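Visitor: I am new to this structure and would like a close look at a single part of it. Please take me through that part slowly, along with its surroundings.

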Amino acid sequence: KKKKDVTEIIREVYGKIKSFFISALKETLTFSKLLPSQSKEDKVHTFIPLLHLSQQNKIELVQDIPFGEIQILLKRKEEEQKAEAKADTAAETPAS
């Protein structure tokens, strides 16, 4: 069996996360939903990339209780957040 490059696996997991949030409005993504199967190998090949993506500040991982479900939140790029904040400010400012 051919071994995959870790960087490639991280890209695949990040792609799955992004496509989930593009298609699922207001739905929560959890570690269980992201898993292709319940095999130990799939769990490891999904969890390790999540840790890397969190470290790279691309996602946020939230776990309310030890051994509980892990929620995955997609962090938007700083430029997008600034543009949205600027648009909000412009919308709040009355035209004279």
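Guide: In this predicted model, Thr46 has a relative accessible area of 5%, and because buried means under 20%, Thr46 counts as buried. Thr46 belongs to helix 3, which covers residues 40-55, and, once its neighbours within four places in sequence are set aside, Thr46 is in contact with Val13, Phe31, Leu34, Leu35 and Pro36.

The contact with Val13 leads on to helix 1, since Val13 is listed there together with Ile9, Ile10, Tyr14 and Ile17 as meeting His45, Thr46, Pro49, Leu50, His52 and Leu53 in helix 3. The residues of this contact divide into 8 nonpolar and 3 polar, with no charged residue. Helix 1 and helix 3 pack at an angle of about 85°, their axes lying 9 Å apart, which makes helix 1 roughly perpendicular to helix 3.

Beside these helices there is an open sheet of 3 strands, arranged in the order 1-3-2 with antiparallel pairing. Strand 1 (29-30) and strand 2 (59-63) stand at its edges, and because each has a single partner strand, one side of each is left without a neighbour in the sheet. Strand 2 is joined by 5 bridges to strand 3 (residues 70-74), the two running antiparallel, and Leu61 stands opposite Ile72 in strand 3. Helix 3, the helix that holds Thr46, packs on this sheet by touching strand 2 and strand 3, and its direction makes about 120° with that of strand 2. Helix 1 (residues 6-23), for its part, lies across strand 1, strand 2 and strand 3, running at about 80° to strand 3.

Technical notes. Residues are numbered from 1 along each chain as its sequence is written. This is a predicted model: local features need pLDDT of at least 70, side-chain atom pairs count only at pLDDT 80 or more; totals for chains, interfaces and linings use all residues. Side-chain values use heavy atoms; hydrogens and water are left out. Helices (H or I, at least four residues) and strands (E, at least two) are DSSP runs, numbered from the N terminus. Buried means under 20% relative accessible area, exposed over 50%, partly exposed in between (1.4 Å probe, protein chains only). Contact means heavy atoms within 4.5 Å. Two strands pair if DSSP finds at least two bridges between them. Axes are lines fitted to C-alpha atoms, for helices over the stretch in contact, and angles run from 0 to 180 degrees between N-to-C directions. Angles under 35 degrees count as roughly parallel, over 145 as roughly antiparallel, 65 to 115 as roughly perpendicular and the rest as oblique. Ala, Val, Leu, Ile, Met, Phe, Trp, Tyr, Cys and Pro count as nonpolar, Asp, Glu, Lys and Arg as charged, and the others, Gly among them, as polar.
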